[in-house]
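Welcome! Below is a set of exercises with worked solutions. Take your time with each task before reading on.

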Amino acid sequence: EKPKPAPVQGVGPDYRSESQKPTATVSTDVDFETVTVLPQTPQLIALLSMIRDRNTERGDFIFYSNRIIRLLVEEGLNHLPTVEHTVTTPVGSKYDGLSFQGKICGVSIMRAGEAMEQGLRDCCRSVRIGKILIQRDEETAQPKLFYDKLPEDIAQRWVLLLDPMFATGGSAIMAVQVLISRGVPEDHILFINLIASPEGIKNFATKFPKLRVVTAFIDQGLDEKNYIIPGLGDFGDRYYTM
Ligand code: URA
């Protein structure tokens with residue numbers, strides 16, 4: 001066996017000694033097999049730091065959120081089924097690869113979830129995207145379904161449910177109930193979000209034990225107004241207006 005080359009000083013991820021490496025807030029550990037947290041790379045942590053910073057202006061917030069969304073969609077797609085697929089390259093050689101199996105669609109929870117649609121389109125050409133509008137009912141304070149527009153054959157599709165902030169999970173739970181009522185099997189739904197709360201994850205995983213969640217980070221918790229802590233404030237306001 002060849003000896004490993006000595007790490008080159010000043011190059012690559014090992015460029016600092018262990019004792020000099022910067023530290024960062026860590027994602028909360030949860031014990032659900034269905035929950036995937038993106039690898040906490042220096043890139044991802046730097047992107048999260050940009051969008052969490054209260055001083056980040058709107059243009060940068062959009063740019064860096066979009067980068068994280070892209071990573072989330074790419075990871076989400078890894079949870080879809082594939083089949084063996086061998087191709088012949090231009091030099092006449094074979095490559096044993098894979099191809100995706102099954103149709104997919106996105107469903108965004110309005111308004112903030114719509115910010116994730118382009119990231120899905122960038123990865124899946126001409127993907128169908130449905131929408132669900134859920135708002136708090138003024139009288140009952142419970143989430144209420146106001147509007148939905150979903151592909152008519154959604155029951156035959158894998159669904160990537162899009163909502164950036166997974167706080168209590170109230171809207172996501174209602175959205176999943178709508179999808180299930182239209183015939184989508186629970187295990188064909190992937191809920192993709194940027195930042196989750198441990199409470200939301202637990203509520204959701206208890207209700208839908210077969211539904212997969214892909215997130216970039218699980219935060220500490222919720223405040224009295226159900227904002228995620230440390231979070232990033234109101235995602236929709238920061239993406240669309242501020
Ligand atoms: N929605 C947001 O935009 N932010 C939160 O912290 C919680 C829900």
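**Exercise 1. The whole chain**

What percentage of the 242 residues in the protein chain do buried residues make up?

Solution. Begin with how to read the model. It is a predicted one, in which local features need pLDDT of at least 70 and side-chain atom pairs count only at pLDDT 80 or more, while totals for chains, interfaces and linings use all residues. Residues are numbered from 1 along each chain as its sequence is written.

Step 1: learn the term. A residue is buried if 20 or more other C-beta atoms lie within 10 Å of its own, exposed if 12 or fewer, and partly exposed in between, with C-beta atoms placed from the backbone.

Step 2: apply it. Buried residues account for 31% of the 242 residues.

Step 3: add the outline. The C-alpha atoms fill a box of roughly 70 × 50 × 35 Å along the principal axes. Six helices and 12 strands make up the list of elements; these are DSSP runs numbered from the N terminus, helices being H or I with at least four residues and strands E with at least two.

**Exercise 2. The nonpolar core**

Find the residues that touch the most other members of the largest nonpolar core, and the strand that gives this core its largest share.

Solution. Step 1: a nonpolar core is a set of buried Ala, Val, Leu, Ile, Met, Phe, Trp, Tyr and Cys residues joined through C-beta atoms within 7 Å.

Step 2: the largest such core has 54 residues, and those touching the most other members are Val107, Val159, Leu161, Ala175, Ile189, Ile192 and Ile195. Strand E9 (residues 189-196) supplies the largest share, seven residues.

Step 3: look at one member. Leaving out residues up to four places away in sequence, valine 107 touches Gly130, Lys131, Ile132, Leu150, Val159, Leu161, Leu162, Ala175 and Leu179. Here two residues are in contact if their C-beta atoms, placed from the backbone, lie within 7 Å.

**Exercise 3. Two helices, each with a buried face**

Work out why the buried residues of helices H1 and H5 can be said to line one face.

Solution. Step 1: in H1 (residues 42-52), Leu47, Leu48 and Ile51 are buried. Seen down the axis of H1, they fall within an arc of 100°, so they line one face of the helix. The arc is that of the directions from the helix axis to the C-beta atoms.

Step 2: on the other side of H1, Pro42 and Ala46 are exposed. The cover over the buried residues of H1 includes helix H2 (58-77) and strand E10 (212-218).

Step 3: repeat for H5 (residues 198-207), where Gly200, Ile201, Phe204 and Ala205 are buried. Because these residues fall within an arc of 120° seen down the axis of H5, they line one face too. They pack against strand E1 (35-37), strand E8 (165-166), helix H4 (170-181), E9 and E10.

**Exercise 4. Unusual backbone spots**

Locate two cis peptide bonds and two residues other than glycine with a positive phi.

Solution. Step 1: recall the background. Most residues other than glycine have a negative phi, and most peptide bonds are trans.

Step 2: a cis bond joins methionine 110 and arginine 111, with omega about 0°. Arginine 111 sits in the loop between strand E4 (103-110) and helix H3 (117-123). Another cis bond runs from isoleucine 229 to proline 230, with omega near -5°; proline 230 lies in the loop between strand E12 (228-229) and helix H6 (235-240).

Step 3: serine 126 has a positive phi near 45°, and asparagine 226 has one near 65°. Serine 126 counts as exposed because it has 5 C-beta neighbours inside 10 Å, whereas asparagine 226, with 13, counts as partly exposed.

**Exercise 5. Around the ligand**

Which residues are around the ligand?

Solution. Step 1: a residue is near a molecule if its C-beta atom, placed from the backbone, lies within 6 Å of it.

Step 2: the residues around the ligand are Ala112, Met165, Ala167, Tyr227, Ile228, Gly231, Asp234, Phe235 and Gly236.

Step 3: sort them. Six are nonpolar, two polar and one charged. Ala, Val, Leu, Ile, Met, Phe, Trp, Tyr, Cys and Pro count as nonpolar, Asp, Glu, Lys and Arg as charged, and the others, Gly among them, as polar.
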